[in-house]
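The following exercises train the reading of a protein model. Please study the sequence and the structure before attempting each task.

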Amino acid sequence: MSARSQVTRWYQSIPAFIAVSPSLIAVGIFVYAFIIWTILISFSASKMVPDFTWVGFLNYWKLWQFGPWRLAVGNFVIFSVLYVGIGLALGLFLAILIDQRIRVESLFRTIFLYPIALSFVVTGVVWRWIMNPTIGFEKFVRDLGFPNFEFAWISDERFVVYALVAAALWQVSGFVMVLFLSALRGVDAEIIKAASLDGARPWRIYASIVIPSIWPVFLSAGAILIGMALKTFDLVIVMTQRGPGGSSEFPATFMYDMAFRRNQLGIGSASAVMILAAALIIVLPALLIGAPNRDRNK
Amino acid sequence: MTAISSLAASNATAPRTSPMTRILLYAVIIALGIFFLAPLAIMIITSLRSTEDFRGGSIIAWPGSFSGYAWLKAWTTACIGTQCIGLKGYYLNSFLIVVPSAAISTALGAINGFALSKLKLPGGEFLLILIVFGVFIPYQAILIPAAQLLGKLGLLNTIWGLILVQSVYGIPICTLFFRNYYSSIPDELVRAATIDGAGFWSMFFYIILPLSPPIIAVTLIWQFTAIWNDFLFGVTFSSGSTQPVIVALNNLVNTTFGVKEYNVDMAGTIIAALPTLVIYVVAGKYFVRGLVVGSVKG
């Protein structure tokens with residue numbers, strides 16, 4: 001019955017369509033047409049300039065034969081596993097800590113969260129020098145009287161990914177904390193009180209009541225973190241310059257290098273399509289499944 | 001959006017704990033606080049040291065004497081590539097890019113959010129999904145065609161090019177912000193105005209906008225921070241004197257003539273981070289509200 005009165009009049013809908021048309025045209029070109037263009041280029045013989053000679057899956061075949069790309073994918077997998085695993089654990093830990101009726105809670109929240117307001121370039125510069133063995137933390141500890149102390153992850157091909165994970169975690173943990181905290185505070189206090197009266201220990205209440213009831217946050221926060229890992233670019237460029245010896249290559253840095261430094265538009269586009277596919281296959285479903293809980297209080 | 005109000009400490013659901021546990025709790029939370037603040041403290045303290053102060057030492061140390069030298073040099077004479085002109089010109093670039101892009105994308109987001117979610121337009125929901133889906137796209141998938149188009153339009157390496165790109169890629173997230181916010185405005189308001197014969201723009205300006213200041217603040221702050229901190233678009237679409245400050249900072253850190261001056265790097269880093277840090281401290285509430293929705297952005 002209200003459907004009738006809800007029908008939008010022509011003198012509203014026409015201006016409305018006109019008003020949204022610039023956005024639709026812009027998004028249509030800059031998002032959808034560009035994605036199609038990237039996909040087309042990935043099947044073409046393009047090198048320095050676009051060249052629409054169809055070559056089938058040749059660029060994809062070359063891409064997956066190519067050492068640096070495999071290394072980039074491997075780094076992405078290691079980075080993601082640690083970033084998501086430790087990020088969720090640390091974020092949840094911080095949220096539970098903050099949730100213990102801490103005095104000056106908002107001060108601690110502010111301190112844990114401020115790194116997310118910084119550019120990855122800023123994070124990269126400061127951690128690059130802190131982790132630099134000759135002037136950073138290693139030197140500091142050695143000067144304290146431990147001359148054999150070693151902390152040179154950033155200049156060691158085997159450990160450089162861990163150095164990047166550490167800096168990225170410093171930046172993002174507070175944000176994960178915020179996601180968990182708002183979920184923790186949405187848990188029904190009555191249930192917790194009841195369990196408490198029954199004599200359940202606090203850790204037991206968390207393990208068997210609170211955490212199971214906020215599982216969607218693990219999914220959506222994990223999806224966001226994997227999405228960030230997939231787009232890891234600034235941090236690598238600034239902190240390690242993809243080194244030492246190209247050992248900290250990531251999908252996004254590989255794509256940039258191929259497309260804009262080595263004039264390999266075909267392979268660059270193929271890697272871009274792989275990144276897009278990963279976002280749509282891994283990140284999007286997790287976000288959609290995890291979303292209802294985050295929107296619950298809206 | 002009100003999900004965030006549940007962050008308030010009064011909502012703490014945690015079970016009660018014993019005094020011993022509480023002492024341990026504060027020890028852990030203070031230690032973590034120090035860990036999170038340490039990089040910022042190192043940045044600030046290092047930036048206030050003189051260059052001679054480093055000789056053979058670590059950057060993690062108290063200054064022998066304080067000096068404003070590094071700040072002055074980072075601002076006016078530090079070398080960025082071959083140009084020894086400091087960060088100040090690039091700082092202006094960042095403002096020239098960020099202010100119009102944030103304003104344009106926010107305005108378009110408000111119009112889209114209202115037109116596509118509040119008015120029952122034929123196909124409105126589909127168009128909304130089409131726009132908002134742009135939020136999930138990793139930018140690698142559009143980077144190559146975007147560079148080609150900007151090149152064709154003569155906008156590569158110009159401030160205008162970055163304004164265009166930042167405005168357009170801000171539309172999806174801004175639309176999502178406003179859609180979420182407007183979904184809490186009762187439909188009756190729009191229906192009543194429709195019965196009164198109000199047109200699209202008069203509804204937008206007289207009914208919707210007066211209700212929107214909080215979400216406008218959230219969106220503007222989010223866009224300001226995201227665009228200021230951007231590195232990928234800046235490094236891809238600009239060079240030389242048109243670079244935003246975050247890109248210039250990376251070049252400053254990678255430029256060495258003679259002695260490496262870590263104090264200048266750190267001063268430059270703080271200078272580049274200052275606007276977003278100030279926003280975070282002054283308008284943290286709005287920033288955090290944006291964060292929960294905005295973090296999914298490519």
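Five exercises follow, each with a worked solution, and they concern a predicted model.

**Exercise 1. Confidence**

Task: State what the mean pLDDT of each chain is, and identify stretches in which the pLDDT is below 50.

Solution.
Step 1. The mean pLDDT of chain B is 89, and 93% of its residues reach 70 or more.
Step 2. Within chain B, residues 1-6 have a pLDDT below 50, although this stretch has 20 contacts in the model beyond near neighbours in sequence.
Step 3. Chain A averages a pLDDT of 89, with 95% of the residues scoring at least 70.
Step 4. In chain A, the pLDDT stays under 50 over residues 1-5, for which the model has 2 contacts beyond four places in sequence. Residues 292-298 of chain A are also below 50, and this stretch has 17 contacts beyond near neighbours in sequence.
Step 5. Where pLDDT is low, the predicted coordinates should not be read in detail.
Step 6. The scores for the model are ipTM 0.91 and pTM 0.92.

**Exercise 2. Chain B and the contact with chain A**

Task: Describe the secondary structure of chain B, and determine how many residues each chain gives to the contact.

Solution.
Step 1. Chain B contains 13 helices and 0 strands.
Step 2. The C-alpha trace of chain B spans about 75 × 70 × 30 Å along its principal axes.
Step 3. Of the 298 residues in chain B, 48% are buried.
Step 4. Consider the contacts in chain B with a separation of 6 or more: residues 24 or more positions apart account for 76% of them.
Step 5. Turning to the contact between the chains, 85 residues come from chain B and 97 residues from chain A. On the chain B side, helix H1 (residues 19-47) supplies the largest share, 9 residues.
Step 6. By class, the side of chain B that touches chain A has 57 nonpolar, 24 polar and 4 charged residues.

**Exercise 3. One face of a helix**

Task: For helix H4 (residues 124-132) of chain B, decide which residues are buried and which exposed residues lie on the face turned away from them.

Solution.
Step 1. The buried residues of H4 are Gly124(B), Leu127(B), Leu128(B), Ile131(B) and Val132(B).
Step 2. Viewed down the axis of H4(B), these buried residues fall within an arc of 130 degrees, so they line one face of the helix.
Step 3. The face of H4(B) turned away from the buried side carries the exposed residues Glu125(B), Phe126(B) and Ile129(B).
Step 4. The cover over the buried residues of H4(B) includes helix H2 (10-42) of chain A, and helix H3 (88-117) and helix H6 (159-182) of chain B.

**Exercise 4. The nonpolar core and the domains of chain A**

Task: Name the residues that touch the most other members of the largest nonpolar core, and relate this core to the domains of chain A.

Solution.
Step 1. The largest nonpolar core has 183 residues, of which Leu164(A), Met177(A), Phe180(A), Leu87(B) and Leu249(B) touch the most other members.
Step 2. Helix H8 (residues 160-184) of chain A gives the largest share of this core, 18 residues.
Step 3. The core draws at least three residues from each of domain 1 (1-42) and domain 2 (57-295) of chain A.
Step 4. The centres of these two domains of chain A, taken over C-alpha atoms, are separated by 35 Å. In their contact, 5 residues of domain 1 meet 8 residues of domain 2. The domain 1 side of that contact has 3 nonpolar, 2 polar and no charged residues.
Step 5. Leu87(B) serves as an example of a core member. Not counting residues up to four places away in sequence, its contacts include Trp75(B), Val245(B), Leu249(B) and Ile271(B).

**Exercise 5. Backbone exceptions in chain A**

Task: Locate the cis peptide bond and two residues other than glycine with a positive phi.

Solution.
Step 1. Most residues other than glycine have a negative phi, and most peptide bonds are trans.
Step 2. Gly243(A) and Pro244(A) are joined by a cis peptide bond, with omega about -5 degrees. Pro244(A) lies in the loop between helix H12 (234-239) and helix H13 (251-261) of chain A.
Step 3. Gln241(A), in the loop between H12 and H13 of chain A, has a positive phi near 50 degrees. Gln241(A) counts as partly exposed because it has 15 C-beta neighbours inside 10 Å.
Step 4. Arg101(A) has a positive phi near 50 degrees and lies in the loop between helix H4 (67-98) and helix H5 (105-113) of chain A. With 14 C-beta neighbours inside 10 Å, Arg101(A) is partly exposed.

How values were computed. Residues numbered from 1 in each chain as written. Chains lettered and ligands numbered in written order. Predicted model: local features only at pLDDT ≥ 70, side-chain atom pairs only at ≥ 80, totals over all residues. Domains from an automatic or database assignment. Contact = placed C-beta atoms within 7 Å. Nonpolar A, V, L, I, M, F, W, Y, C, P; charged D, E, K, R; others polar. Helix = DSSP H or I, 4+ residues; strand = E, 2+ residues; numbered from the N terminus. Buried ≥ 20, exposed ≤ 12 C-beta atoms within 10 Å, placed from the backbone. pLDDT = per-residue confidence, 0-100. Arc of directions from axis to C-beta. Core = buried A, V, L, I, M, F, W, Y, C linked by C-beta atoms within 7 Å.
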